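Here are a few short exercises to work through with the model open beside you. Try each task before reading its solution.

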Amino acid sequence: WREAQQGGQPASTTNNQALPIVSSMQDHKALNESMASYGEPEIALAESTNATIEIMQEPDISIEAGMSPDTMVDELGDILNKYEVPIGLMNKLMGFNEFHVLEFLIDD
């Protein structure tokens with residue numbers, strides 16, 4: 001993450017053996033275009049990720065988050081991409097909806 005913020009390449013893009021981090025729909029599209037160029041089948045998102053995307057595009061959820069339903073996934077993808085967080089974790093993030101208060105303890 002730090003290398004990407006300082007104008008360099010993320011570590012996941014400089015190593016041929018590293019698994020790609022798919023953080024946004026644009027990353028997913030690029031991955032599938034790359035697969036197609038090698039004659040390989042496309043890689044589908046997990047069903048749980050697809051279901052989460054549909055839920056996040058519901059007007060009541062997206063408006064509550066301060067985004068429009070049409071741009072919700074792209075804007076969230078930009079945030080996930082910034083920190084190289086896989087898009088598949090969106091369904092885990094939805095679990096925070098169940099909490100009224102979150103407390104973080106940070107230890108050095």
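For the surface exercise you need one definition: a patch is made of residues with over 30% relative accessible area and no salt bridge, and nonpolar side chains are joined within 5 Å. Keep in mind that this is a predicted model.

**Exercise 1.** Find the residues that form a nonpolar patch on the surface, and give their accessible area together.

*Solution.* Start with Leu93, Phe96 and Phe99, then add Leu102, Phe104 and Ile106 to complete the patch. Together they have about 700 Å² of accessible area.

**Exercise 2.** Locate Phe99 and decide whether Phe99 counts as buried, partly exposed or exposed.

*Solution.* Phe99 is found in the segment that follows helix H7 (90-93). Buried means under 20% relative accessible area and exposed means over 50%. The relative accessibility of Phe99 is 48%, so Phe99 counts as partly exposed.

**Exercise 3.** Describe the largest nonpolar core and say which elements give two or more residues to it.

*Solution.* The core has 13 residues. Ile53, Met56, Leu76, Leu80, Ile87 and Met90 have the most contacts inside it. Helix H4 (47-56) and helix H6 (72-82) each give two or more residues, and H6 provides the largest share, four residues.

**Exercise 4.** Leaving aside neighbours within four places in sequence, list the contacts of Met90. Then compare the positions of Asn50 and Met90 in sequence and in space.

*Solution.* Met90 touches Thr52, Ile53, Met56, Leu76 and Leu80. Asn50 lies in helix H4 and is partly exposed, at 26% relative accessible area. Asn50 and Met90 are 40 residues apart in sequence, while their C-alpha atoms are 9.8 Å apart.

Methods:
Residues numbered from 1 in each chain as written. Predicted model: local features only at pLDDT ≥ 70, side-chain atom pairs only at ≥ 80, totals over all residues. Heavy atoms only, no water. Core = buried A, V, L, I, M, F, W, Y, C linked by side-chain atoms within 4.5 Å. Buried < 20%, exposed > 50% of the residue type's maximum accessible area, 1.4 Å probe, protein only. Contact = heavy atoms within 4.5 Å. Patch = residues over 30% accessible without salt bridge, like charges linked within 9 Å, V, L, I, M, F, W, Y side chains within 5 Å. Areas by Shrake-Rupley, 256 points an atom, 1.4 Å probe, with all protein chains shown as cover. Salt bridge = Lys/Arg side-chain N within 4 Å of Asp/Glu carboxyl O.
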